[in-house]
Amino acid sequence: MSDQDFSHMSADGSITMVDVGHKNETRRVAIVRTVVEVSPSTLDLLKRQALPKGDVLTTAKVAGILAAKRTWELIPLCHPLFLSYVDVRFSIQDETCQIHIEAEARTTGQTGVEMEALVAAQTAAMTIYDMCKAVQKDIVIRDCRLVYKAGGKSGEFRAE
């Protein structure tokens with residue numbers, strides 16, 4: 001594999017930000033899912049908004065959206081993007097004591113929004129952890145993955 005095969009590496013082997021200036025602007029969408037596992041008692045407190053730090057899911061939603069907007073400040077080689085839409089959605093699974101998180105990011109631009117959706121999902125999950133840790137220390141965050149992507153020259157991707 002030559003250095004040309006690495007998009008973030010220059011000819012001398014140093015890292016570089018990819019020049020996307022020549023690319024056409026297209027509508028870009030990315031959806032990421034992750035799971036937070038908690039105990040039955042923690043889930044009950046979360047659903048009743050009875051945890052010491054307050055409304056967990058609203059706080060996690062806002063945290064995820066804000067994080068997506070700042071992805072370029074966290075990941076060194078990401079481009080700053082004008083995001084046209086970011087959302088973080090939650091689904092509580094009572095039988096497995098899980099909170100399923102789905103983060104979606106959209107833009108019209110020259111580069112994708114996968115990193116923004118990943119950062120939104122993980123930040124929402126970490127916010128849930130932070131707000132529940134007073135009552136439970138062994139919370140598990142798992143299975144974070146891109147499940148859908150559209151736009152750009154690579155086209156559409158759907159996870160199986």
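**An open antiparallel sheet and its nonpolar cores**

Five strands make up an open sheet with the order E2-E3-E1-E4-E5, paired in the antiparallel sense. The two edge strands, each paired on one side only, are E2 and E5 (157–158). The structure is a predicted model, in which local features need pLDDT of at least 70 and side-chain atom pairs count only at pLDDT 80 or more, while totals for chains, interfaces and linings use all residues. Residues are numbered from 1 along each chain as its sequence is written, and side-chain values use heavy atoms, with hydrogens and water left out. Helices (H or I, at least four residues) and strands (E, at least two) are DSSP runs numbered from the N terminus, and two strands are taken to pair if DSSP finds at least two bridges between them.

It is convenient to walk through the sheet strand by strand. Strands of a sheet pair through backbone hydrogen bonds, either parallel or antiparallel. E2 and E3 are antiparallel and share nine bridges; among the partners are Tyr 85 with Arg 106 of E3, Asp 87 with Glu 104 of E3, and Gln 93 with Gln 98 of E3. The Tyr 85 and Arg 106 pair has a second link: the charged end of Arg 106 sits over the ring of Tyr 85, 3.9 Å from its centre. Here a charge sits over a ring if NZ of Lys or CZ of Arg is within 6 Å of the ring centre and within 35 degrees of the ring normal. Aromatic pairs, by contrast, number zero in the structure; the criterion is that ring centres of Phe, Tyr and Trp (its six-membered ring) lie within 6.5 Å, with planes under 30 degrees apart counted as stacked, over 60 as edge-to-face and the rest as tilted.

E2 and E3 form a hairpin with four residues between them. Cys 97, placed in the loop between E2 and E3, has a positive phi of about 55 degrees although it is not a glycine. Most residues other than glycine have a negative phi, and most peptide bonds are trans. Cys 97 counts as buried because its relative accessibility is 10%, where buried means under 20% relative accessible area, exposed over 50%, and partly exposed in between (1.4 Å probe, protein chains only). A positive phi, near 55 degrees, is also found at Asp 143, which lies in strand E4. Asp 143 counts as partly exposed because its relative accessibility is 46%.

On its other side in the strand order, E3 meets E1, and 12 bridges join these antiparallel strands. Val 35 is partnered with His 100 of E3, and Val 36 with Ile 99 of E3. Nine of the 12 residues of E3 are buried, so this strand is largely enclosed by the rest of the structure.

E1 also pairs with E4 (residues 140–150), antiparallel and over eight bridges. Within this pairing, Arg 33 has Arg 145 of E4 as its bridge partner. Arg 145 counts as partly exposed because its relative accessibility is 41%. Leaving aside neighbours within four places in sequence, Arg 145 is in contact (heavy atoms within 4.5 Å) with Ile 31, Val 32, Arg 33, Ala 159 and Glu 160. The C-alpha atoms of Arg 145 and Ile 31 are separated by 8.7 Å, although these residues are 114 residues apart along the chain.

The nonpolar cores come next. A nonpolar core is a set of buried Ala, Val, Leu, Ile, Met, Phe, Trp, Tyr and Cys residues joined through side-chain atoms within 4.5 Å. The largest core has 29 residues, and those touching the most other members are Val 36, Leu 46, Val 56, Ile 99, Ile 101, Ile 128 and Cys 132. At least two residues each come from E1 (26–37), H1 (40–47), H2 (56–69), E2 (85–93), E3 (98–109) and H4 (114–132), with H4 giving the largest share, eight residues. Val 36 touches, among others beyond four places in sequence, Ile 101, Ala 125, Ile 128 and Ile 139. A second, separate core of five residues includes Ile 31, Val 147, Tyr 148 and Ala 150.

H4 itself has buried residues that include Glu 116, Val 119, Thr 123, Thr 127 and Met 131. At 1.5 Å a residue (times one less than the number of residues), the 19 residues of H4 should span 27 Å, which agrees with the 27 Å between its end C-alpha atoms.
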